[in-house]
Amino acid sequence: GERNVAVIGVAQDSRASIRVLFGYVLGFFESPLLAPLVVSRTADSLTLQGGVLVTVLPCRPAALRGLRCRFVVLDEIAHFRSSENLPLDRDTWRAALPSLLTTRGKLLALSSPWAASGLAYDLHRAHYGRDDSPLLVWQSPGTVLHPTLDKGFLAHLREIDPDSARAELDAEFLTN
């Protein structure tokens, strides 16, 4: 009775999941190679040949329960919060893992770092730079990932908000 779900994209809220993540998904399936696989489309999902669903969800752990996934993307997990401003990072992670069990699927948790606390920080501390780790933790400043970023504008951002620049641009966890 479980429905096959190829990709679940999970973001902080409905706006981010639909506008950002689903935009990425649509970009992939606009390619001539993948476009013929699309059977139908809604505002937040694609159904592919074979009844496989590609969808995006807000970071509500209950939304992931009971799904059978091949791939889950948790986008900006360090910033997952409830409407009461409670952290949802660990609960969303915990809800995603069982959805991958029967498919031996993969989980990708992406985030710019923020506070030196929470799931992203704990995973970084436990697995970053460890060859024996079953998890790959990648840390890279924005200028490495996007070498064409305007250096003048980056300097401006560093001047007006150094803490945010350290987290968002330099990929550093904030300790204060």
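**Notebook: hairpin, cores and pockets**

I began with the hairpin, which joins β2 to β3 through three residues. The model I am reading is a predicted one. Strands β2 (residues 38-41) and β3 (residues 45-48) run antiparallel and are joined by three bridges, and when I looked up S40 I found its bridge partner in β3 to be T47.

Next I turned to the nonpolar cores. The largest has 20 residues, and I noted I8, V10, L64, V72, L74, I77 and F80 as those with the most contacts inside it. Two or more residues of this core come from each of β1 (4-11), β5 (68-75), α3 (89-99) and α4 (118-127). Apart from it I found another core, of eleven residues, which includes L21, V25, L26 and F29. I then followed I77 individually: leaving aside residues up to four places away in sequence, I77 touches D89, W93, A109, L110, S111, L119 and A120.

Which residues lie closest to the centre of the largest pocket? I listed L108, A109, L110, S111 and W138, out of 42 that line this pocket, whose space comes to about 1,400 Å³. Strand β6 gives the largest share of that lining, five residues, and by class the lining divides into 27 nonpolar, ten polar and five charged residues.

The second largest pocket has a volume of about 270 Å³, and here the largest share of the lining, five residues, is supplied by α1. Among its lining residues I recorded L21, V25 and F29, together with L108 and L110. I counted no charged residues in this lining, which has eleven nonpolar and one polar.

Technical notes:
Residues are numbered from 1 along each chain as its sequence is written. This is a predicted model: local features need pLDDT of at least 70, side-chain atom pairs count only at pLDDT 80 or more; totals for chains, interfaces and linings use all residues. Side-chain values use heavy atoms; hydrogens and water are left out. Two strands pair if DSSP finds at least two bridges between them. Helices (H or I, at least four residues) and strands (E, at least two) are DSSP runs, numbered from the N terminus. A nonpolar core is a set of buried Ala, Val, Leu, Ile, Met, Phe, Trp, Tyr and Cys residues joined through side-chain atoms within 4.5 Å. Buried means under 20% relative accessible area, exposed over 50%, partly exposed in between (1.4 Å probe, protein chains only). Contact means heavy atoms within 4.5 Å. On a 1 Å grid over the protein atoms alone, a cavity is a set of points where a 1.4 Å probe fits but cannot get out, and a pocket is an open set with protein on both sides within 12 Å along at least five of seven lines; lining residues have an atom within 4 Å of a point. Grid points are joined across faces, edges and corners, and a volume is the space filled by probe spheres set on the points. Ala, Val, Leu, Ile, Met, Phe, Trp, Tyr, Cys and Pro count as nonpolar, Asp, Glu, Lys and Arg as charged, and the others, Gly among them, as polar.
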